[in-house]
Each structure stands twice: as structure tokens, then as C-alpha cells.
Amino acid sequence: MPEFTLPRRTVLGMLAAPALLTRRAAAAETCVVGTWGGDYARLLRENIDDPILKPADVNVIQDVGDETPRYTKLVAQKMLPRGTTDIACLGAVNGFRATEAGLVEPLDETKVPNLKHVLPNLRATGFVPHIYSAQVIVYNPAAVSDPPKSFADLLDPKWKGKVGMVSTVAPWVLMGASLVESGTTTDFDKAKAFMLKLNANGLRLYPETDSLAPAFKSGEIDVGVIWLARSFMWHNAGFPVKGQFPSEGAILYVSGMVVPKNAPNKAAAFKYMNALLEPSAQQGFAAHMGYLPTIDDAPLSGSVGEQLAFPEPKPKLVTPDYAVISKSMADLNDWWIKNIQHT
Amino acid sequence: MVLTLVVPLGFMLRDSLNRFDPSEMMIAAVTPENYLRFFVDPFYRDVLYTTIRVSVIVTASCLLCGLPMAWRLARATGRWKPVLVVLTVLPLFIGSTTRTAGWMILFSRGGMLDIVSRGLFNTAPINLMYTEPAVILGIIAINLPFTVLTLQSVFEGIDPRLEEAAASMGAPPSRAFWRIVFPLALPGVLIAAVLCFILCMNAFATPVLLGGPKFQMMAPLLYWAFSGDNNWPFAAALAFILMATTLGLTGLANVAIPRRYRGN
């Protein structure tokens, strides 16, 4: 039977290991990020968590889920002294709501130095814009030689039954319709009248964004209304659709993050916010998802820069009136489901 | 049971009486407005009628197809019986969403049905996607194995010597089935129908994926109120209305069957 020996150095090492590990664990900060899953979560890991925060000794834990439960959690936990997330990813509308309801930490350049680079039209008090895109008219160039230049053109009988949209973006489509009918994003009476005419012209609705691509490919539709970023992704996936900015203006979709007032580790959250506004992180999202950088120091180059460059003359980009849309959204969705979906 | 069912239902009932606010989500109140909104608005009533109509059609179709299949399965002998049972159970190994994706490939324009139809018969493009028949077919495909397996166990509990006795007195198999086997199986048939009906009333993935945005059923509507609008009070009210309707219609079906055929 072999003799069992325990060298002195091994024993000392084993005794010291827990202390060293504890010290390491104590030094690392933890940041819990409530985020969407899929590509978005992966790109956060690849462009922010691993290259920027890991070297800074911030351990990021992703809490993956849909936006609505995340917003609900913010509301439900508002009375708690310590919440469960340090960062919540939200669309700009919910970001505005959360700020108005006093759920989020006000942010400035002392906490997040990179905020000074945020584009002026995207700035908000407690909401840090991460990515944005514009609502454009997308068309299949193989089937359409003279694409619609405006929402108004979609009413032309030549597009009867050939225009498709995703039902989940109803408020943005209604803002686009309001823009063409009134020049503002909030004249919903005119927007509704416009949508009823478009629906009568054979508007096709799809349950989710990805179901539009097969409809384009099969020839079921030739024209759609969707985010520019999605046309970028389809283009790179081998389906060469083209985007046309509506002449009356393109409504912006902005997605970003907030720090809850009761975030357990605000210092780590501020570091995370600063990291997401780093040029390399912004360029990574643009290269893979086609969303535009929200800062002024992240130029896009190569084929990404060419694909995402604004045409000349530069199109009119319209930021929604969040105060109005956040209050109207439920009513607009209700009207949409009854009058556009249920026909 | 109390902790996992009654208490959450109690919370949900309380939520259904609250008032909705877009920022605050819920404002504490005791108001019937969420229930009134449903019953006053013809749109919501229409969605409920559609859900009931689809559920009745699916249940009837599953019984119609499932009865002969289950009877044959119950009376099958030898080495083919396990094979038939496995074939019946096999679809349950695939998730309902995955199966629905298969239907989408079949039904959509440019899909298999469209290609075959246009290639062989030179027809106009066929697009069954986002239609009520597509939803009905999709739910039947999901519910049929449950119906068949439930009915099979019912038929296996009926002594085959009863059919032999009927045959010995000159009754053809169909007459023996309808006069002897079916009345004895009726309580089990009711259970299979109720199971199928409840599954259909609560169907979510199939109506969303095959019905599309223009086809509305209760479960997707409930999810839309909860997840899309964050309107928990109305979503809770919808959940109670759906549950009450399902329980009510199930109870009605039980009453509709003559007492002598009901199980004890």
C-alpha cells in the first residue's frame, strides 16, 4: 500500500487558498443587468461585459427576460430599500415612464462621464440611450423599381395587398401616420383615419418582425414598414431589401438602460453605463445588429458605415413625444387591435 | 393546493378589481370596470365567441377522429399494438410550438401545400396561414393524441365479451358499438371531450403563430393585456372570465348527458 504524504508547502497552500479566494471575491463588484435575451444579450457580453468590465473587476450577471416584466419589477420593488437589479434595459417609452415615476437614479457626467458624448436629440435625465434606429419603408428591389417615398404613397392602389407591417409596433406606425398627416407625432385622430384607409388598401399584418422576411421572399408583400436595423440584418443574411426614409420624417426607436433608485450596487452600475457608451461597444452593436451609435465619437467605417450611412440630403429624424406616447400607448394599442387587427 | 392555487387566485381576483394606470400599473380600488369593459365592448365578446366556436369545432373533430382510432387501439392485439400506441404518443414528444412551426412551413405561401398545389394542379397561390381553419387544424393536431389516449383507456375498461355477446345475438359490430360500448364509454368520452375543450380554450401558441394578428382568441388577448399593455387588472379580469366560461361550459356538458350514463 503506497504511503500517503502531505508536503508542508501543499498544506500551507491549502490553508491560504480560501483567504485568497475570499479576497478576490471581495474585490470584484457584481452588476446584475436585466436584459433581453438572444443576440442582444450575447452582444452585451461580447462588447461590454467581457472586454470592458471584466478587466475592471466587475462581474456582470445577466437577468434575461422581456421588457414588460422588467418594468413591472421596477414598479413592484420601488418600496424596497434594496432592489434585485443594478441595471434595467428598457425602451425609451418605459425609460421615460420609469423616470417620471421616480423609479430611477438621475444620471449626470459625474457618475457617467461618457454621457457628454450622447447625441443631443437622445439625451434624457435617468435613461441612457444605448442603441437607436429609424422607422423606414423597406422594399424588395427585385419587385419594386419605384419605391414609395412617403407613408402617403402606401395608400396608392398599386400597393393594394402588398404592404406588410408587424402588429407589435402599432404606436410607432401611428406616430408615423400622424407625421405624414399633420406634421406632428401626436395627432392620433388623423393617424387613425390614415391607418383605416391603409387597412382598406389590403394592409397585411404579421405577428413578429421575423415573419416579414418570408413574406417578402415569397412575394406576398413587396413593401413593409420596419426599423432600418432589421433591413440591415436581412441584407447581411443574404436577403437584399432596401430601406427608404419617409420624406415626412422617420420616427426613432431608442433602446437604453436605467439604474433603479434602489440598485444594490450603484457604483458598478455607473461603470456599466459608462462602458455601454464606449465607442468600441457602440461600434460592435452597429456591426452586428445595424443599430446606430447613440454617441458622437463612434464613427462607423467599411461596409457597416456604408450600409448605415444616412442618404443625402440627410433625412428628417423625429424623436417621439414620450410624455404623450407613454400616456396614450395603451389606448392606441386598444384601438389598433379592435380596428386594424380585428377586421 | 391552498398555497399553490387558491391563494394566487385570491390575489388575482383582488388585482382584477384594481384600476389600471400606465405608469403605476395598478391603483388600488374595488371597481367592476375591468369586467364591465369586457362585457360592454362587442370586440371582447366577439373574441370570447370565437374562442368557444373554435373549441367546440376542435373538440367535436377530435372526438370524431379519436373515437374510431381509440377503439381500434384498445381492441388491437399482438405485436402491432405497442407500435400503434407509440405512433399515437410520438407527437407529444415534440413541443407544440415546434409542431406549429411545421404547420407554418406547410400552410404559408411558398410552403409545401402551395408548391404542390401549383405544381400539380396549376392553382392560384394557396395561403392558409393566418386563417381560422389553420388554427383549428393546428390545435386538432395537438389535442388529438390526448383525446385518443384518454378514450383508449376508457375502451380498454369495457369487457370485450359484451361485444362478443352482442355479436352472438346477431348484432353487427357497428350496432354493438353504438348500443353497448358507446353508452358504457360515455362518462370517459365526456372526460376526453372536457380535456380537449379546456386545452383548446386556453390555446396560446397555435392561435398566435397560425392565426396571426388578425385572428383573436382569449389566451393571446390575455397575454397582450398583461405583457403588451402591462394592464394587470384587465388581464386578471380576462383570466377569470376565461376560467368561468370554461368551467361553466364544462359543467353544462356534464348536465347535458343523461344521468344514467354519467360516471359515479
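## Domains, chain contact and a helix pair

In chain A, the C-alpha centres of domain 1 and domain 2 are 31 Å apart. The model is predicted, so local features need pLDDT of at least 70 and side-chain atom pairs count only at pLDDT 80 or more, while totals for chains, interfaces and linings use all residues. Residues are numbered from 1 along each chain as its sequence is written, and chains are lettered from A, with ligands numbered from 1, in the order in which they are written.

Let's start with those domains. The assignment for chain A gives domain 1 as 8-126 + 259-304 and domain 2 as 133-253 + 313-341; such bounds come from an automatic or database domain assignment. Nine residues of domain 1 and ten residues of domain 2 take part in their contact, where two residues touch if their C-beta atoms, placed from the backbone, lie within 7 Å. On the domain 1 side, H4(A) gives the largest share, four residues. Helices here are DSSP runs (H or I, at least four residues), as are strands (E, at least two), numbered from the N terminus.

Chain A also meets chain B, with 24 residues from chain A and 19 residues from chain B. Helix H3 (67-76), helix H4 (92-100), strand E6 (204-206), H7 and helix H12 (322-341) of chain A each supply at least two residues of the chain A side. H12(A) has the largest share there, seven residues.

The table sorts two contact sides by residue class: Ala, Val, Leu, Ile, Met, Phe, Trp, Tyr, Cys and Pro are nonpolar, Asp, Glu, Lys and Arg are charged, and the others, Gly among them, are polar.

| Side | Nonpolar | Polar | Charged |
|---|---|---|---|
| Chain A, touching chain B | nine residues | nine residues | six residues |
| Domain 1 of chain A, touching domain 2 of chain A | six residues | two residues | one residue |

Now for a single residue: A:Phe216 sits in helix H7 (residues 212-218) of chain A. A:Phe216 counts as buried because 21 C-beta neighbours lie inside 10 Å (buried means 20 or more other C-beta atoms within 10 Å, exposed 12 or fewer, partly exposed in between, with C-beta atoms placed from the backbone). Leaving aside residues up to four places away in sequence, A:Phe216 touches A:Asn140, A:Ile221, A:Gly224 and A:Val241.

Finally, in chain B, residues of H11(B), including B:Leu221 and B:Phe226, meet residues of H12(B), including B:Trp232 and B:Leu238. This helix contact has eleven nonpolar, no polar and no charged residues.
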